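Student: Could you take me on a close look at the pockets in this model, and at what lines them?

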Amino acid sequence: MNKTLFAFSLAIVLISSNACQNPVDDVLIGFKDPIEKGIVEIRFKSLKGAIPKTIELVVTGPDADEVVTTLNTTSYKVNEDGVLLLAASPEATYSKSDPLTFSVAAQSAGYLDIIQGIQLADTGRYTVSPAWIKMSDPPAHLSATQVTEIQTPLAAGLTVSTPVINQKKDNITVLLEPGSEFKGADGAELNGPITVALWHVENRGNSPAQYLPDGPVLSAVTGSGGESLGSLQLSQIAGAFSLELHTKQFEVVQQISKPVSCVMSLNPEVSNPALGRPIQPGDAIPLYRYDRTHWQQEKPTLVTRNSSTGQLECKVTLSQTGIWVAGWTQAVCEEGPVFAVSSNLNRVDIKYLCKVVDATTRQELRSFYTFLNNGDRITLTHLLQNQEIRFQVYNYNDAYSSGNPGQPLLETAPLQTCNRTPQTLDLQKLPTPPPIDVSFDFACPPPTTLNESLLPARIRLQYSESGKRNWRDLVTLERKSVKAISYKLQVKKPYDIRVSTDGGATWPLERSRFVPDNNTLKFDLASPEFCK
């Protein structure tokens, strides 16, 4: 039997209140209250397939010594869900004007290195989702390569090209000049062996924007002259690539002393929306760069034809690393329309499907799930300017609805984008789903009573449809309130449940096929260690 031991341990028996289920075996579980403030949840994902099983982690950067796990250790480990939980040390001081600045470096053989920069400015909980790219099996239309142990300064020129893989037609070649030197964001020279990581995504009927930081939206763009352009939306992408360099100590290169030549081949069928035809030699394509913090407009790149291959391509000459996107954009609203919810729901913890559609054609522009409790406010962002839309709300939730959502429960009249005047959504017809009472009952033999101070500060529960291991948050119970109400479960339906007492870093207790009965999911725990 697997056992997890934290600060101290106690044997407990966990029994579901449903009499139809078998009692579970004794488990060994210990409680150590986790750090609750200044949390960074790093949820690793993979662009294709599962995340790697073996991951090497390093926390580095100016304030790395003030970063710990949520259990106040430096034993960093990605759990089985692909999650790494970090926290500011209880002794650390930080603020918006003086944030904790550090990076998490993750490596696995055969994958591009990940270096996730983080600035922690307050005591909230934040989530980032860096993605693994497997070089030998990337997603369709994307290719990647990585070159290590490059001595600096470069004695000879270095050419790096993305590989031809999975029938991908377009690629990029990068040339670093001899004598190139490298500097970090602070302008300091970086020495020692350098790693070059390069990925490229083509446009061949796919969606290149899915690999960009915020999809097709470029937030808070700075113009080539230093002016603010607001947020923009990519309407057409000719191609995109990322060039990242770092040292063995995972210091990220920001500037390269000599011009770097990048030649990117292009799909001749890509449309030039400014001219209403496919791209041709001589066309100028707008160019944007993302430097890990913000978007910058760069000098446009020109379409040329390769004299040897006849293929269309464009050349980008750069001196800074980052993500580079060649494509056309449109202006978007920062906010608007805005909606105020009027419903019978109160503290219902499930979200409902909403869609934004074109007011005339009903073409879907966006869909998402959101809470619809009475008084909630919904603010749409980054819709195209000067556009009329309708907003649709469905009685279809993210907890257990399945199949076709059917007709909308509500559809608004046509609304102009960018309008921030709140519009009321009358959702009185939306039925309140049945609640489920979730509780832990800590039983003490007479004449003893429960000693709350021995309980974990928080008990976090997750659920999954039985056998599917698709874990989702259920409720978090507090030391002084071990009862909660959730609307995420259905009566008489079996679920797998797991429990964490350290904020989700580990899940030492897991049992299958719990069935809520009579709108109740109750767990009885008996142990004298909780009693006084």
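Tutor: Here is a walk through the two largest pockets, with a stop at an aromatic pair. Keep in mind that this is a predicted model.

Start with the largest pocket, which holds about 1,000 Å³ of space. It is lined by 33 residues, and Gln116, Pro130, Ala131, Pro213 and Ile323 are the closest to its centre. By class, that lining splits into 18 nonpolar, 10 polar and 5 charged residues. Strands E9 (114-120), E17 (194-201), E19 and E26 each put in at least two residues. Domain 1 (39-132) and domain 2 (135-331) each contribute at least three residues to the lining of the largest pocket.

Now move on to the second largest pocket, at about 780 Å³. Its lining has 23 residues, with Thr101, Ser103, Gly117, Ala185 and Val252 the closest to the centre. Two elements give two or more residues here, strand E8 (100-107) and E9; E9 gives the most, with 4. The lining of this pocket counts 9 nonpolar, 10 polar and 4 charged residues. Because domain 1 and domain 2 both give residues to the lining, the second largest pocket lies between them.

Back to E19 and E26 for the aromatic pair. The model has 11 aromatic pairs, and one of them is Phe241 with Trp324, stacked at 6.5 Å centre to centre with 5 degrees between the planes. Phe241 sits in E19 (residues 228-247) and Trp324 in E26 (residues 322-331), so the pair links parts of the chain 83 residues apart. Phe241 is buried at 1% relative accessible area, and Trp324 is buried too, at 4%.

How values were computed:
Residues numbered from 1 in each chain as written. Predicted model: local features only at pLDDT ≥ 70, side-chain atom pairs only at ≥ 80, totals over all residues. Heavy atoms only, no water. Phe/Tyr/Trp six-rings, centres within 6.5 Å; stacked < 30°, edge-to-face > 60°. Buried < 20%, exposed > 50% of the residue type's maximum accessible area, 1.4 Å probe, protein only. 1 Å grid on protein atoms, 1.4 Å probe; cavity = no way out; pocket = protein on both sides within 12 Å on 5 of 7 lines; lining within 4 Å. Points joined across faces, edges and corners; volume = space filled by probe spheres on them. Nonpolar A, V, L, I, M, F, W, Y, C, P; charged D, E, K, R; others polar. Domains from an automatic or database assignment.
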